[in-house]
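Here are my notes for your read-through. Have the model open and follow the points one by one.

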2 protein chains.
Amino acid sequence: MPRRSSGRVTLQHIADSVGVTKITVSRALREPHLVSEDLRLRIEEAAAALGYIPNRQAGALASGRSQSVALLIPSLSNAVFSEIQRGIEEGLSAAGYQVLIGHTGYSLLEEERLIDTYLSYGVDAMILPGTRHTDQARRLLTRSGIPLVETLELTDTPLDINVGLDQSAAAVALTEAFLERGYRRIGFMGARLDHRAQLRLAGWKRRMKQAGLSCERCLTTPRPSSYRLGGDMLASMLERWADLDGVFCNNDDLAAGALFECQRRHLDVPGQLGLAGFNGLDITEATTPTLATVVTPRRRIGDLIARKLQARLQGAPLVPCREDVGFEVVCRGSL
Amino acid sequence: MPRRSSGRVTLQHIADSVGVTKITVSRALREPHLVSEDLRLRIEEAAAALGYIPNRQAGALASGRSQSVALLIPSLSNAVFSEIQRGIEEGLSAAGYQVLIGHTGYSLLEEERLIDTYLSYGVDAMILPGTRHTDQARRLLTRSGIPLVETLELTDTPLDINVGLDQSAAAVALTEAFLERGYRRIGFMGARLDHRAQLRLAGWKRRMKQAGLSCERCLTTPRPSSYRLGGDMLASMLERWADLDGVFCNNDDLAAGALFECQRRHLDVPGQLGLAGFNGLDITEATTPTLATVVTPRRRIGDLIARKLQARLQGAPLVPCREDVGFEVVCRGSL
DNA sequence: TGAACCAAAGTTACCGGTAACATAAAAGCT
DNA sequence: AGCTTTTATGTTACCGGTAACTTTGGTTCA
């Protein structure tokens, strides 16, 4: 296997073509003010003419900074993250960082594997979904010494920066909305229960118990959530608990699926059955009727993460912090 | 700014602790069969005990191979890609490759920028959405000499590997389905027309003209597609062309949004208006009625890309090739 | 006029690995 | 036994950049 000495243009090539040393070229490209106007122009010209592409691996190796940040998300198909990501990316790319995306498939073990991988890529910071990690993951993260962000949920013991919302309180508030409207035999439907989902389930249970109501009408599954699944689960629930008068769906996809199933059965929503989802995705405003949900300020989460992280990357000290971005219960047509 | 000589464990540390040179450690970890059993075990033990994390930048720099592949997608929120990606990732991660995801935001210029970035990361291959690129992008790609994949659409002049389907023919076939069912005043609705969408529009037009029907009932917008937008656009179209009897929606999101709008207006689908989407996402099987669509074999595309790419990465020569994965028109309840 | 300073380049060493070749000891073969 | 092979390890150089320090020559200013 021969070395790839291929056609790749290096700093040295530019240096030779201009008649200087490579460090001068490096400076001209990174810190132009340190190089004389005339020379700088000749170097830039030569770089363009030769088609120079910097080698970030070499740069990162030499400088100890990779100018990249890892963003771990549970699943690419989880729409909740696309807006968060947009905020992060806009903020960080302006500061010259590249965002590397990995997805954990909702598995803490896979998260651990990814942490290892991205550390070996030398990322300068890492953004994680959630606040629960394997012991080994915690060890790796702590040892690495890089800035960290845990997001979506809140914790009392953040590793570093924590930006999220109280999932459980949000679930309580949404359950409250059911109660205010007179629903009593309210069920809960959840798929692929990650920690956030479990917190929401706990919130629903808490509020139901507090109201002296039964929590038995609860159906969960480890399968990934989808529209179809929402419909199937609703069917099961109606069969099992014929007196059901409302369903708290763990997320908007399930809620939409449940709504479609109601339409199929000519079951009036919200008259015969109240429905609500969680997250506030686009679809909740589009269906007929529109879907009640808890809107999470995802874009703001992304922006906030970018801001906080930049400060840390620029040397702000590690002071574990916790930012509650809040939530908003939106009661649309389905309640 | 001090060098990050921090606590990071290197091959040398392991070597010192075991009493060998670092190349032996390197070998023990990468090519275990070349190192004696006893020594190998001691090295592995030391590596684990010290918490060694390899530095891929250094490895890539020295070997000229980064064991990573860039996957460019138009948008993270585009569900069409999540399955394609799953196939790619499963195939390539088994072969030890890391998939780096970037998103172009449907912009060829942004794609060009990303190509530059990922080349500077030294990726060993690149997977691109579509077959159209800026001149500069083509130049960069060709010069890089790495294996390339262009996907989703087909071209007669692939850069390297081309895996996709004939978008225009698929649109013709779907239009055909409208015609067979007696629809005549069929409109077309499209948002954020990337090249694939334009090809579909062209297919619709072709078939309509061939049938001697009008193509005037066509509404497009550069805005990103969403459920809401589908509803809004349908409203505009109904206002403008009161006699509309069917709408070919450029994708499933728009189709679902249009369906929701019909429900709001108590407009019977498919009785008063026929609807169809494109891609075959989960939602098309969930709505009431279910949505007609063209199902694209996304998972197969992903698998095929992984297979073809692996061959190239293992040294198969560059022989431009074109793989047509086909499509399937599925007429569900909305037609 | 000469010490102090600054701007603009250059020298050297090093980041943490891997390739390619070299060596030493053990094993196989006639 | 002596020669070739094989196996297990080491030596050296290099990948393509950057940090830190040094050199050179011109300015500033008392």
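1. Start with DNA strand C, which has 28 residues around it. The closest are A:Ser36, B:Leu11, B:Ser26, B:Ala58 and B:Ala62. Here a residue is near a molecule or strand if its C-beta atom, placed from the backbone, lies within 6 Å of it. Keep in mind that this is a predicted model: local features need pLDDT of at least 70, side-chain atom pairs count only at pLDDT 80 or more, and totals for chains, interfaces and linings use all residues. Residues are numbered from 1 along each chain as its sequence is written, while chains are lettered from A and ligands numbered from 1 in the order in which they are written.

2. Which helices supply the surface near strand C? At least two residues each come from α2 (22-30) and α4 (56-63) of chain A and from α2 (22-30) and α4 (56-63) of chain B. The largest share, five residues, belongs to α4(B). (Helices are DSSP runs of H or I with at least four residues, strands are runs of E with at least two, and both are numbered from the N terminus.)

3. By class, the surface near DNA strand C has 15 nonpolar, eight polar and five charged residues. Ala, Val, Leu, Ile, Met, Phe, Trp, Tyr, Cys and Pro count as nonpolar, Asp, Glu, Lys and Arg as charged, and the others, Gly among them, as polar.

4. Now look at DNA strand D. Of the 28 residues around strand D, A:Leu11, A:Ser26, A:Ala58, A:Ala62 and B:Thr24 come nearest. For this strand the largest share of the surface, five residues, comes from α4(A).

5. How do the two chains relate? A turn of 180° with a shift of 0.0 Å along the axis lays chain A on chain B with an RMSD of 0.0 Å (least squares on the C-alpha atoms of residues with pLDDT of at least 70 in both). That is the relation of a two-fold axis. In chain A, A:Gln57 comes closest to the rotation axis, at 2.4 Å (C-alpha).

6. Last, try helix α11 of chain B, residues 252-264. At 1.5 Å a residue (times one less than the number of residues), its 13 residues should span 18 Å, and the end C-alpha atoms are 18 Å apart, which agrees. Eleven of the 13 residues are buried, including B:Leu254 and B:Phe260. Buried means 20 or more other C-beta atoms within 10 Å of a residue's own, with C-beta atoms placed from the backbone. After α11(B) comes B:His266, with a positive phi near 55°.

Technical notes:
A residue is buried if 20 or more other C-beta atoms lie within 10 Å of its own, exposed if 12 or fewer, and partly exposed in between; C-beta atoms are placed from the backbone.
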